[in-house]
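Subject: Structure for your review

Dear colleague,

Please find below the structure that I am handing over to you. My notes on it follow directly after.

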Amino acid sequence: MEKPSRSELRKIIMTILYQKSIYEKNKINFTIDNLISSALEIDNEFVKDTVYGVITYQNEIDKLINKYLNNWTIDRLGYTDQAILRLATYELMYTDTPSVVAINEAILLSKQYSDDDVRKMINATLDKIYHDKD
C-alpha cells in the first residue's frame, strides 16, 4: 500500500475532527485514539500530532478564528467547516507547514465539502490570520 499524501491525510484529520464534534454533541463515548485508528489503516505521526494539536489548542484556535469571522462565530458553522478552519489555523500557528500550503489545503477541502459562501469565509478568515500572525 502506498503512503497517503499530506492532502489525503488532511482529509482524514478533517474527518476525525468532524466525528469528534458529532460524538460530543450526541454524548457518545469515544477516545481520540479510537477515532484516529478507525480512520487510518497504518499509524501516522502527522495525523496524530495534528489531531492532538488541534484539540490541545482548540480554545486559542477558536478565539483567533472568531476574531476574524465577520459578525459570526465558529460554533455557528457546520462541523466540517469548523474542522477545516481549525486544522488550517493550527497548521498556520503551531507548525512549520508553509502558510500558503496550509491555506491552499484548506481551500481545497472547502471546495469539496463547503458551499461557496462558507468557502469564501474560510479563505478570508485564514488570510487575515496569516497576515496578522507576524
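Which residue's side chain meets that of Asp43 in a salt bridge? The partner is Lys48, with an N to O distance of 3.1 Å. Please bear in mind throughout that this is a predicted model. Asp43 is exposed, because its relative accessibility of 57% lies over the 50% cut-off. Lys48, with a relative accessible area of 24%, is partly exposed.

Salt bridges

The count of salt bridges comes to seven. One of them joins Arg10 to Glu91, where the closest N and O atoms are 2.7 Å apart. Arg10 belongs to helix 1 and Glu91 to helix 5, so this pair ties together parts that lie 81 residues apart in sequence. Both ends of the pair have little accessible area: Arg10 is buried at a relative accessible area of 3%, and Glu91 is buried at 1%. Each is classed in this way because buried means under 20% relative accessible area.

A further salt bridge is formed by the side chains of Asp116 and Arg119, at 3.2 Å from N to O. These two residues are three apart in helix 7 (residues 116-132), and therefore about one helical turn separates them. Asp116 is partly exposed, with a relative accessible area of 46%, whereas Arg119 counts as buried at 17% relative accessibility. Elsewhere, salt bridges with shared partners join Arg10, Glu91 and Glu105 into one network.

Helix packing

Helix 1 (residues 6-25) packs against helix 6 (residues 99-113) at an angle of about 65°, and their axes are 11 Å apart. The crossing of helix 1 past helix 6 is right-handed. On the helix 1 side, the residues that meet helix 6 are Ser7, Arg10, Lys11 and Met14. Their counterparts in helix 6 are Val101, Glu105, Leu109, Gln112 and Tyr113. Arg10 and Glu105 thus appear in this list of meeting residues, and both also belong to the salt-bridge network.

Helix 1 residues also enter the surroundings of Ala39, which is placed in helix 2 (residues 32-39). Setting aside neighbours within four places in sequence, Ala39 is in contact with Ile12 and Ile16. The C-alpha atoms of Ala39 and Thr15 are 8.0 Å apart, although the two residues are separated by 24 residues in sequence. Ala39 is partly exposed, at a relative accessible area of 28%.

Surface and loops

What makes up the nonpolar patch on the surface that has about 250 Å² of accessible area? Tyr57, Met93 and Tyr94 form it together. Tyr94 lies in helix 5 (residues 79-94) and is partly exposed, with 34% relative accessibility.

Two loop residues may merit your attention when you inspect the backbone. Lys27 has a phi near 55°, a positive value in a residue other than glycine. Lys27 is in the loop between helix 1 and helix 2, and its relative accessible area of 74% makes it exposed. Asn71, likewise not a glycine, has a positive phi of about 50°. Asn71 is found in the loop between helix 4 (58-68) and helix 5, and it counts as exposed at 74% relative accessibility.

With kind regards

Key: Residues are numbered from 1 along each chain as its sequence is written. This is a predicted model: local features need pLDDT of at least 70, side-chain atom pairs count only at pLDDT 80 or more; totals for chains, interfaces and linings use all residues. Side-chain values use heavy atoms; hydrogens and water are left out. Patches are made of residues with over 30% relative accessible area and no salt bridge: like charges are joined within 9 Å, nonpolar side chains (Val, Leu, Ile, Met, Phe, Trp, Tyr) within 5 Å. Accessible areas come from the Shrake-Rupley method with a 1.4 Å probe; for residues, only the protein chains shown count as cover. A salt bridge is a side-chain nitrogen of Lys or Arg within 4 Å of a carboxyl oxygen of Asp or Glu. Helices (H or I, at least four residues) and strands (E, at least two) are DSSP runs, numbered from the N terminus. Buried means under 20% relative accessible area, exposed over 50%, partly exposed in between (1.4 Å probe, protein chains only). Axes are lines fitted to C-alpha atoms, for helices over the stretch in contact, and angles run from 0 to 180 degrees between N-to-C directions. A crossing is left-handed if the near helix is turned anticlockwise from the far one by less than a right angle, and right-handed if clockwise. Contact means heavy atoms within 4.5 Å.
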